[in-house]
Amino acid sequence: MASTSINPIIPGFAPDPSIILLDGTFFLVNSTFHMFPGLPIYASKDLISWKHIGNAIHRQSQLSLKFSDTRLAEKDEAGDVMHVTGGLYAPTIRHHNGTVYVVCTNILHMDGSDKGVTENFIVSATDIWSGEWSDPVYFDFHGIDPSLFFDDDGKVYLQGSASPGPMTRIHLFEIDLQTGKKLSEEKEIWQGTGGIYPEGPHMYKEDSWYYIMISEGGTCESHMVTVARSKNIWGLYKAFEQNPILTAHGTTEYIRATGHCDIVRDERGQWWGVCLGVRKDKGRYTLGRETFLTVGEWSQGEWPKLSQVKMNPILQNGKELVRAEGQARLTSSPMVDYLYIRDAKLEDHKFSNSGKTLTLTASDSNFSQWKDPVTFVGKRQRSLVGRATVLMWKPDVATAGLVAGLAYYKDEHRYMRLLYDCTSSEIVFEATVTSKKISKAVRHTVLLRGWVEFRLEYTERSYTFSYRIDSEIDLWISFEAQDTLDMTAPDFVGPVVGCFANSSVGGGEIQFENLEVE
């Protein structure tokens with residue numbers, strides 16, 4: 001990630017950011033939908049360089065992602081199909097009296113139901129650096145995108161986007177954080193300004209005014225941030241006459257779909273906004289929704305303002321914020337950035353040798369379905385231009401139908417695999433996109449003695465898989481490049497690249513070395 005641009009501050013599969021400043025450090029959380037661990041926690045001293053320090057959902061005993069399948073909507077006017085994934089939506093992070101709270105929704109796509117069932121919950125940590133978070137405390141709310149507000153009188157309020165959509169409503173109620181019990185009636189406080197899906201509410205209090213900031217217009221091209229305020233927490237809330245305060249709709253900006261924003265004031269009094277957006281190039285937004293930083297302004301008694309999101313934010317004095325050469329964009333604590341699909345069998349994914357060696361036990365299920373666990377572990381693709389590599393050892397004994405290799409994965413409808421078929425002694429490249437009726441497989445017969453190295457190279461416009469085998473280490477053999485547009489669709493998630501193993505009967509071990517994903 002050797003770029004001097006500031007944005008995106010959290011690249012690659014990092015939607016719905018929420019942020020706090022605690023003891024001189026900024027902490028940020030994102031959605032994760034169907035992937036485990038869930039709700040990554042990032043830390044930064046300067047809003048520019050970030051470190052992934054843990055995950056708020058880091059034990060499978062905390063909750064299940066079993067019903068987080070991806071459902072395909074009807075084609076829209078442009079012919080695009082929205083991919084609607086269940087799981088962990090739009091968390092909010094807040095702190096109070098020495099405890100950090102993350103409040104979130106788990107969307108369950110139950111069999112036979114067209115609508116998702118919402119499980120809303122709170123997890124907490126008294127030491128955010130420890131990586132240890134509580135079991136969920138559930139509360140009754142029929143909606144998504146919950147957020148917490150701590151008032152001056154000690155009362156705690158939950159605000160969220162109440163179902164049904166598309167014309168959701170912003171509701172508010174007082175809550176007991178220890179039990180999840182409602183302490184007041186749930187009340188509608190704002191409908192937004194008329195855009196579909198008013199959601200992602202966050203409440204702030206400045207100069208005795210209560211401000212409610214939301215997103216409207218859906219999470220794609222018409223996404224926007226709007227704000228209203230009231231002297232009474234229960235309303236009546238009056239909308240800002242100059243709404244929206246942030247949108248890329250109707251512009252030619254490279255960073256599109258900006259919305260779902262949270263704001264924070266640094267220790268010098270400067271306001272900042274973090275929001276989701278996509279880098280869109282000729283219809284492609286290769287990495288999906290990412291987290292961007294923008295400059296805010298909030299004068300006493302006035303309304304909050306947010307600058308248009310740019311690759312390098314521009315301060316009020318006209319100076320462009322630029323990353324120093326060599327300054328890291330994103331680092332990670334050991335092992336916390338690995339991802340698994342839904343309720344994976346973690347015991348089938350064994351790391352050793354300080355994380356450099358990975359031994360997988362093959363599952364009898366593959367990416368094309370969601371009900372059963374799939375043996376796969378990977379990392380978010382963080383770079384538009386980069387590569388992923390891994391070396392795989394040929395197993396001494398192969399179970400029936402054993403295939404294993406390097407995969408690009410978004411959901412059960414969109415994935416690519418470069419694999420070694422132990423039965424046919426072939427290297428196979430596969431690409432599947434259900435919504436676009438893409439299904440292809442290209443096979444190369446090889447004589448594999450010991451190992452094969454897989455490689456995925458990517459640019460903003462293409463993915464290219466290649467391999468080399470131990471008998472010809474200087475010869476990389478490539479398959480035809482896949483257009484990134486094939487994997488682009490209106491959706492909630494982003495690409496994850498990693499290792500997988502499947503067999504027709506399950507079982508059988510296969511070893512990988514040195515997985516690297518840029």
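Hi everyone, let's start with a small cluster of charges: K410, D411, R414 and D491 are joined in a network of salt bridges. Please keep in mind that what we are looking at is a predicted model.

Why would such residues get together at all? Side chains of opposite charge can pair when their charged atoms come close. How many salt bridges are there here? The count comes to 28. I'd like to walk you through three of the pairs.

Let's take K182 and E186. Their closest N and O atoms are 2.5 Å apart, and the two form a salt bridge. Are these residues buried or partly exposed? K182 has a relative accessible area of 27%, so it counts as partly exposed. E186 is partly exposed too, at 24%.

On to R265 and E206. This salt bridge has its closest N and O atoms 3.1 Å apart. Where do the two residues sit? R265 belongs to strand β21, residues 255–265, while E206 belongs to strand β16, residues 199–206, so the pair ties together parts that are 59 residues apart in sequence. Now look at how accessible they are. R265 is partly exposed, with a relative accessible area of 38%, whereas E206 is buried, at 16%. The cut-off you need for that step is 20%: a residue under that value is called buried.

The third pair is E453 with R468. Here the closest N and O atoms of the salt bridge are 2.8 Å apart. E453 is in strand β35, residues 451–458, and R468 is in strand β36, residues 462–469, so this salt bridge ties together parts that are 15 residues apart in sequence. E453 is buried, with a relative accessible area of 15%, and R468 is partly exposed, at 22%.

Now let's turn from charges to strands. Strands of a sheet pair through backbone hydrogen bonds, either parallel or antiparallel. Have a look at the open sheet of five strands, with the order β1-β2-β4-β5-β25 and mixed pairing. Which strands stand at the edges? They are β1 (18–22) and β25 (330–332); each has a single partner strand, so one side of each is left without a neighbour in the sheet. On average, neighbouring strands of this sheet are turned by 30 degrees against each other, direction ignored.

Let's zoom in on one pairing inside that sheet. Strand β4, residues 38–44, and strand β5, residues 50–57, run antiparallel and are joined by five bridges. If you want a spot to find on screen, try P40, which stands opposite N55 in β5.

Thanks for listening, everyone!

Definitions and conventions:
Residues numbered from 1 in each chain as written. Predicted model: local features only at pLDDT ≥ 70, side-chain atom pairs only at ≥ 80, totals over all residues. Heavy atoms only, no water. Salt bridge = Lys/Arg side-chain N within 4 Å of Asp/Glu carboxyl O. Buried < 20%, exposed > 50% of the residue type's maximum accessible area, 1.4 Å probe, protein only. Helix = DSSP H or I, 4+ residues; strand = E, 2+ residues; numbered from the N terminus. Pairing = 2+ DSSP bridges. Axes fitted to C-alpha atoms, helices over the stretch in contact; angles between N-to-C directions.
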